[in-house]
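Welcome! Here is a short tour for anyone meeting this structure for the first time. Take a look at the sequence and the model, then read on.

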Amino acid sequence: MLLALSAAAIAFVHTVLGPDHYLPFIALAKARHWGTRKTLKVAIVCGIGHLAGSVALGLLGITLGFQLSSLEWLEGVRGNFAAWLLIGFGLAYTVWGIRQAYRNRPHTHWHNHGGIAHEHQHSHHHEHAHVHDLGAKKGRLTPWVVFIIFILGPCEPLIPLLMYPAATESPIGVLMVVGIFGVVTVLTMTLIVALSLKSMESIKLKRFEPYSHAIAGGAILACGLGVSLLGM
């Protein structure tokens, strides 16, 4: 019972204190106009992938008899690699978002009708932004990029939790820890994402809409820097 409660509590705290578990989904949902259902689906799949990597590594280490320190070192290497991928993706998305905002800025065209010239101001942001919006293929690629980063990102508290039931040769205990930790982690992720999206529905920031992609990229970049520099 103590092990089960510990797994649930650590999973909840680990997820809440790690904004990289939910902020990228919220930012991308607002920038790419994903619906709540799609956003939660992406978050759930990424959460499962996030857990699967650490579970596989932990079970492999237990089977081969690796020491906890060796597994934690390997998880640290994975964590740094995933953080830099998050930084790279966030930086690239920020630059692309700034470029899109610049291209879609309001501009003026002069027209001549029957010898009478007049100006016409418009913005591509509302007229055909979807044509420029990374294209359909790149739009579908974004969730997969996030998914790959989450698979590579470690779930650090899980392996130490797995070691105790493994040391006592309790397969049921191992399954219990994995199940409870996984369910609480994914539920916490989806709950935070859903509540955040719901609370933001009433917030209308038309002025910042052209910069939504750049803001999303900046949020993802900040998450990566937080993981890399602050160990979040």
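**A first look around**

Let's begin at Phe-12, which sits in helix α1, a helix covering residues 2-16. Please keep in mind that this is a predicted model. The chain as a whole has 10 helices and 2 strands, and the points below walk through its layout, its cores and a few residues worth finding.

**Overall layout**

- Starting from the N terminus, the order of elements is α-α-α-α-β-β-α-α-α-α-α-α.
- The chain has 232 residues, and 44% of them are buried.
- Among contacts with a separation of 6 or more, 78% join residues that are 24 or more positions apart.
- About 13300 Å² of the chain is exposed, with carbon and sulfur atoms supplying 70% of that area.

**Around Phe-12 and Thr-188**

- Phe-12 counts as partly exposed because its relative accessibility is 45%, between the 20% and 50% cut-offs.
- Together with Val-13, Val-16 and Leu-17, Phe-12 makes a nonpolar surface patch of about 360 Å².
- Thr-188 belongs to helix α9 and touches Phe-12, Thr-15 and Val-16, leaving aside residues up to four places away in sequence.
- Is Thr-188 buried or exposed? Thr-188 is buried, because its relative accessible area is 8%, and buried means under 20%.

**The nonpolar cores**

- In soluble globular proteins, nonpolar side chains tend to be buried together.
- The largest nonpolar core here has 27 residues, of which Phe-25, Cys-46, Val-146 and Val-193 touch the most other members.
- Helices that each supply at least two residues of this core are α2 (23-32), α3 (36-64), α4 (68-103), α7 (135-152), α9 (171-200) and α10 (212-230).
- Which helix gives the most to this core? That is α2, with 6 residues.
- Another core, of 13 residues, lies apart from this one and includes Val-55, Leu-161, Phe-181 and Val-184.
- Val-146 touches Phe-25, Leu-28, Cys-46 and Phe-89, when residues up to four places away in sequence are not counted.

**A loop residue to find**

- His-33 is located in the loop between α2 and α3.
- Although His-33 is not a glycine, it has a positive phi of about 60°.
- Why does His-33 count as exposed? Its relative accessibility is 61%, and exposed means over 50%.

Technical notes:
Residues numbered from 1 in each chain as written. Predicted model: local features only at pLDDT ≥ 70, side-chain atom pairs only at ≥ 80, totals over all residues. Heavy atoms only, no water. Patch = residues over 30% accessible without salt bridge, like charges linked within 9 Å, V, L, I, M, F, W, Y side chains within 5 Å. Areas by Shrake-Rupley, 256 points an atom, 1.4 Å probe, with all protein chains shown as cover. Salt bridge = Lys/Arg side-chain N within 4 Å of Asp/Glu carboxyl O. Helix = DSSP H or I, 4+ residues; strand = E, 2+ residues; numbered from the N terminus. Buried < 20%, exposed > 50% of the residue type's maximum accessible area, 1.4 Å probe, protein only. Core = buried A, V, L, I, M, F, W, Y, C linked by side-chain atoms within 4.5 Å. Contact = heavy atoms within 4.5 Å.
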